[in-house]
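Here's a quick briefing to read with the structure open beside you. It goes topic by topic, so feel free to jump around.

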Amino acid sequence: MFPEPPTPRPPASDTPPDSSLISRGPVPPWALATIVLVSGLLVFGCCFCLYQKRCRRRLGKKSQAQAQVYLQEVKELGQSFIDKVQPEVEELEPALSRSGLPVPEKRELGRLQYSLDYDFQSSQLLVGILQAEGLAALDLGGSSDPYVRVYLLPDKRRRHETKVHRQTLNPHFGETFAFKVPYVELGGRVLVMAVYDFDRFSRNDAIGEVRVPMSYVDLGRPVLAWQELQAVQPVEQEQLGDICFSLRYVPTAGKLTVIVLEAKNLKKMDVGGLSDPYVKIHLLQGGKKVRKKKTTIKKNTLNPYYNEAFSFEVPCDQVQNVQVELTVLDYDKLGKNEAIGKVSVGTETGGVGLRHWADMLANPRRPIAKWHSLRPPDRVRSLPVP
């Protein structure tokens, strides 16, 4: 018996089976819906972003144009208020810059021409007494024997006098006097130029005087000015001190910023001859206080330094109806805080207060700093009603 031969097998294939053929099948409907939805969202998002960018560009151009309108309106408003500044401040401007203007009418007491300059190397204020014109006649013969007495308040003892000019109402003095005063202390001084009629046998009579608060004068260049004589003040006003602060207004944001910088030569309020000063800032509208802020307290000093900023929201259409009032007070831990003095700036004020406000409006977005002399708390000067 012989064994049966083995049954032949089919030859093995060298290529592996295709897995894609195994896993390929019909795509589910939910997958197709997801793909379509995601694609639609991407297209919609791109279109929305392009639309938003275009809208922002249009809005930016519109707001920029509106901002230019606000800036121009505020500048014009500031220039209009500069014309309302009272003459006592503008008379301190150099007369040479106003050449060609008609000479103002003479007053009863006459007027005085003077010059001011400051020598920074020697720390000296140079006061020139040039001439007087149309002086009042105090002698029986219808004339006067005038001379000028010059001093810097509050120090009345250090004074200079010109020579006496006989029998004239239009004397030419041409004399210059020097006061050695550090520049940082000039802001609290008041220059007095008093014209007297000399009398050999009795007391000299005062014809009139000119008072120049040095905090109002820009000594960056020489000053040459005419100023009308005023009646001599019988009692010297108490010096309360000076305060320096800056104003900045941004019309597009409706934001008014007050920066209290420093104060100097404040009145002594404490027993030890010093004070504990701080500044209270009020925003007034229609004469009523609507906002209030205050600085920190500086202990035992008459020359405090603050450099503190305070902001108020003032819409562009209300900027000419508001007023800012700064009051310097002496802090008392046990008793009531006592006011040293105050200043006010706005369209309803006069003098340097109106000038400061007008300069701020004429220069929007720029901080404008000025020195102000403190006035008694119960007497803040306002612009007279026309």
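**Strand pairs, cores and backbone oddities**

I129 stands opposite E175 in β5. That pairing comes from a predicted model, so treat what follows as a tour of a prediction.

**Around β5**

- Strand β2 (residues 124–133) and β5 pair in the antiparallel sense, with 7 bridges between them.
- Side chains along β5 (residues 172–180) alternate: F173, E175, F177 and F179 point to one face and are buried.
- H172, G174, T176, A178 and K180 point to the other face of β5 and are not buried.
- That fits the usual pattern, as side chains in a regular strand alternate between the two faces of the sheet.

**Two nonpolar cores**

- The largest nonpolar core counts 32 residues, and I243, V324, L326 and W357 have the most contacts inside it.
- Strands β9 (242–250), β10 (255–264), β11 (277–285), β13 (305–313), β14 (322–330) and β15 (338–346), along with helix α4 (352–362), each supply at least two residues of this core.
- What does L326 touch, leaving aside its neighbours within four places in sequence? The contacts of L326 are I243, F245, V258, V260, V279, K280, I281, G341, K342 and V343.
- There's also a second, separate core of 30 residues, which includes L125, V148, F173 and V223. You've met F173 already, as one of the buried side chains of β5.

**The four-stranded sheet**

- An open sheet of 4 strands runs in the order β13-β10-β9-β16, with antiparallel pairing.
- Why do β13 and β16 (368–373) each have one side left without a neighbour in the sheet? Both stand at the edges with a single partner strand, so there is nothing in the sheet on that other side.
- Neighbouring strands of this sheet are turned against each other by 25 degrees on average, direction ignored.
- β10 and β13 pair over 7 bridges in the antiparallel sense; within that region, T257 has S311 of β13 as its bridge partner.
- β9 and β16 are antiparallel too, pairing over 6 bridges, and L247 has I368 of β16 as its bridge partner.
- β13 has a covered face made of Y306, E308, F310 and F312. The uncovered face of β13 has Y305, N307, A309, S311 and E313.

**Helix α4**

- α4 packs on the sheet and touches β9, β10 and β16. The direction of α4 makes about 175 degrees with that of β16.
- Is α4 mostly covered or uncovered? It's mostly covered, with 11 of its 11 residues buried.
- The buried residues of α4 include polar or charged names you might not expect to see on such a list, among them R355, H356 and D359.

**Backbone spots to check**

- As a reminder, most residues other than glycine have a negative phi, and most peptide bonds are trans.
- The peptide bond from L153 to P154 is cis, with omega near 10 degrees. P154 sits in the loop between β3 (146–153) and β4 (155–161).
- N300 has a phi near 50 degrees, a positive value in a residue other than glycine. N300 is found in the loop between β12 (288–294) and β13, and is exposed, with a relative accessible area of 51%.
- N307 also has a positive phi, near 55 degrees, but lies in strand β13. N307 is partly exposed, with a relative accessible area of 44%.

Conventions:
Residues are numbered from 1 along each chain as its sequence is written. This is a predicted model: local features need pLDDT of at least 70, side-chain atom pairs count only at pLDDT 80 or more; totals for chains, interfaces and linings use all residues. Side-chain values use heavy atoms; hydrogens and water are left out. A nonpolar core is a set of buried Ala, Val, Leu, Ile, Met, Phe, Trp, Tyr and Cys residues joined through side-chain atoms within 4.5 Å. Buried means under 20% relative accessible area, exposed over 50%, partly exposed in between (1.4 Å probe, protein chains only). Contact means heavy atoms within 4.5 Å. Two strands pair if DSSP finds at least two bridges between them. Axes are lines fitted to C-alpha atoms, for helices over the stretch in contact, and angles run from 0 to 180 degrees between N-to-C directions.
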